[in-house]
Amino acid sequence: MYGTVETIPYLCKRCYSCVRECPAIAIRVEQGQAVVMSERCIACGHCVTVCSQNAKRTKSEVGFVLGEILPRGNVVAVVAPSFPASFPDDYAKLPSALRKLGFDKVCEAAFGADLISPEYLAEIEKDGKQTIISSACPAVYNYIEMYYSELVPNLAKVVSPMVAMGRYIKETFGKNYSVVFIGPCIAKKSECKDEKVEGAIDAVLTFAELKEILEDKQIEMSALDETNFDPPEGLIGKSFPLAGGLIKTADIPGDILEKEIIVVEGRSKVEEILNELLDNKINASFIDILFCEGCIKGPAIDSNLNYYSRREKVINYINDRMKATDKQVWKSNIYNARNIDLSREFEDRDKRIPTPDEEQIKEILAQSNKFSKQDELNCRSCGYTTCRDYAIAIAKGLAENDMCLPYMIDKLEKAYKELQETQEQLQSAEKLASIGQLAAGVAHEINNPLGTILLYTSLLKKDLQKKLESPQPIEDLNLIVEETNRCKNIVSNLLNFARQGRLKISEVDIYDLINTILKPVRIKPEFNGISFSVECETHDTVIKGDSDQLKQVFLNVINNACEALEESEQKKVTIRISNIDSYINVEIRDTGSGIPKENMGKLFTPFFTTKKMGKGTGLGLAISYGIIKMHKGDIRAESETGKGTAFIIKLPLNLQ
Ligand code: ADP
Ligand code: MG
């Protein structure tokens with residue numbers, strides 16, 4: 001099909017208004033752009049009207065008319081009867097303006113409406129059973145041919161006023177005349193290219209385009225004279241763009257009026273009536289359908305007036321001209337046109353795609369976290385009336401996956417959180433890495449001299465043990481050995497800290513690991529009197545991780561807990577293992593001193609310690625933090641001074 005409407009790249013801002021408005025589901029969002037699928041488009045132009053970004057444009061024949069048709073000469077402008085609504089102040093000057101532009105004749109399409117009215121009467125009278133649907137609105141017959149093709153036989157086989165006028169001009173004025181239709185309608189552009197009415201109309205301009213041309217050519221309407229249209233003048237056909245205009249024009253006799261006649265206007269009502277017709281719920285003899293609320297609401301009418309003022313303008317014009325028109329001349333013009341073929345055919349161009357099966361719809365809904373009816377918000381932000389309609393459109397290949405706003409917001413929030421976490425991890429990893437480098441350097445440098453001190457102290461001790469009677473120097477030497485060993489311990493901690501960054505992954509049973517750690521802790525003399533309990537609330541205690549490094553973490557935290565109990569009356573360490581989603585949660589709670597608020601933020605900082613000189617290195621939690629983060633887990637503390645502390649360690653079951 002002729003691509004009447006297209007999207008201007010990059011102007012589309014994903015508001016989905018056009019998707020919402022398109023009756024044919026002919027708009028697909030591709031890489032952020034709402035693209036019109038020309039093969040599904042019925043050219044109603046609603047997407048053009050609703051786009052606040054002017055991202056939809058209609059195919060223009062302005063260049064063709066100005067550059068090719070007008071220079072050829074013998075060009076007739078056929079003006080749609082809604083023109084007083086588009087040019088409310090200067091409509092009587094429109095013929096002058098068009099002549100100034102180079103049109104040889106300026107006629108009213110209203111005469112074409114007068115021509116086809118008797119054809120409608122004949123169609124309605126012909127068959128008493130079948131409901132006849134008017135076919136003057138191209139958006140309507142496109143819609144029926146493509147989406148209600150069972151109703152194609154119901155379409156009146158009569159051309160539109162535009163085509164009637166085109167055929168009339170070519171027959172009466174001569175085949176050498178070109179015809180340019182000017183009106184409020186975008187769908188007329190598609191009708192002009194319709195093979196079934198080929199040759200009647202050479203080009204279509206909209207009122208909006210005509211105004212641009214006049215401005216471009218600096219033709220000031222107000223400065224022009226009021227002139228009449230060229231004959232033949234239309235009569236009742238002038239009321240065609242108003243609600244029920246066709247019925248009025250057809251001047252339906254009483255006996256036909258007894259049959260049911262329905263006038264339907266506007267997109268939603270069109271859908272409704274066609275569905276009713278399909279379901280055989282309607283027995284009317286004639287249905288006059290227009291996609292817009294009368295052509296005066298056409299998408300390219302370009303009028304500042306509201307609906308009622310537009311209507312009034314057209315009615316005023318009709319009343320003025322009705323008095324002035326010579327009815328005899330009009331009758332004879334109609335009579336002389338009696339041999340003009342005003343018939344046309346319609347065809348089945350079914351574009352419906354079969355509805356996907358229920359399983360497929362459910363699967364698509366699940367992709368955006370809609371698992372039950374309650375999850376379907378039907379918020380219409382995607383442009384579809386319901387979540388189900390949207391899923392069906394995806395299944396049919398007419399919509400993309402990422403148009404669900406609530407789902408996208410959720411996804412974005414999650415991504416943002418992850419990003420924040422990664423950023424924090426990165427920052428702490430960076431800090432740890434630089435401290436690690438320093439630690440590695442220092443540790444290496446200190447380790448060797450410490451070894452030497454130890455060696456020589458031991459040698460000296462052996463020597464002196466033989467020679468001395470007093471134990472004092474030996475005790476002093478023991479102290480040196482003890483202190484040096486402590487230094488070695490600090491250095492080894494530093495080395496552990498520096499070694500972070502590499503994990504040796506294997507399956508680790510956290511429950512077993514904690515029990516293994518507790519064995520030597522329980523028998524440490526300084527932790528005498530502490531009662532330990534391990535509560536395991538899950539069977540899922542096996543995770544993927546680095547067993548040695550995790551051992552170090554739990555040992556650090558358990559040691560800290562025990563050390564905090566020194567002054568407590570009640571000495572209790574409780575370890576609770578549980579599962580939350582795909583994580584294992586280990587809580588190590590003590591009844592110890594607690595941590596003052598001001599220290600809570602410093603716990604994981606390297607070298608932060610509140611312990612006595614020589615007792616703490618301040619590296620335990622810093623190392624633990626690094627190890628847990630490398631396991632994509634989390635470690636945090638909750639504490640109340642005087643009551644106790646809990647360290648909560650969260651680790652993924654399946655580290656990837
Ligand atoms: P260190 O134990 O060598 O001091 P850590 O990094 O292991 O270093 O701990 C840092 C500090 O955090 C401790 O000195 C202590 O003040 C505080 N802390 C850690 N765990 C606890 C706990 N369970 N109760 C009270 N304070 C704690
Ligand atoms: Mg410690």
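This text describes the aromatic pairs, the charges placed over rings and one helix of a predicted model.

A search of the whole structure yields 17 aromatic pairs. One of them joins Phe83 and Phe229, whose rings lie 5.2 Å apart centre to centre, with 65° between the planes, in an edge-to-face arrangement. Phe83 belongs to helix H4 (residues 83–86), whereas Phe229 lies in the loop between helix H10 (207–216) and helix H11 (245–250), so the pair ties together parts that are 146 residues apart in sequence. Phe83 and Phe229 are both buried. The pair of Tyr143 and Tyr148 is also edge-to-face, because the ring centres are 5.4 Å apart and the planes stand at 65°, beyond the limit of 60 degrees for that class. Tyr143 is buried, and Tyr148 is buried as well. Phe83 and Phe229 recur in a cluster, in which ring pairs link them with Tyr91 and Tyr317.

Rings in this model also lie beneath charged groups. Over the ring of Tyr335 sits the charged end of Arg338, 4.0 Å from the ring centre. For Tyr583, the charged end over the ring is that of Lys650, 4.5 Å from the centre.

The final element considered here is helix H17, which spans residues 387–395. Its buried residues are Cys387, Tyr390, Ala391, Ile392, Ala393 and Ile394. In an α-helix there are 3.6 residues a turn, so residues three or four places apart point the same way. The buried residues of H17 pack against helix H16 (358–367). Just after H17, Gly397 adopts a positive phi of about 80°.

How values were computed. Residues numbered from 1 in each chain as written. Chains lettered and ligands numbered in written order. Predicted model: local features only at pLDDT ≥ 70, side-chain atom pairs only at ≥ 80, totals over all residues. Heavy atoms only, no water. Buried < 20%, exposed > 50% of the residue type's maximum accessible area, 1.4 Å probe, protein only. Helix = DSSP H or I, 4+ residues; strand = E, 2+ residues; numbered from the N terminus. Contact = heavy atoms within 4.5 Å. Phe/Tyr/Trp six-rings, centres within 6.5 Å; stacked < 30°, edge-to-face > 60°. Lys NZ or Arg CZ within 6 Å of the ring centre and 35° of its normal.
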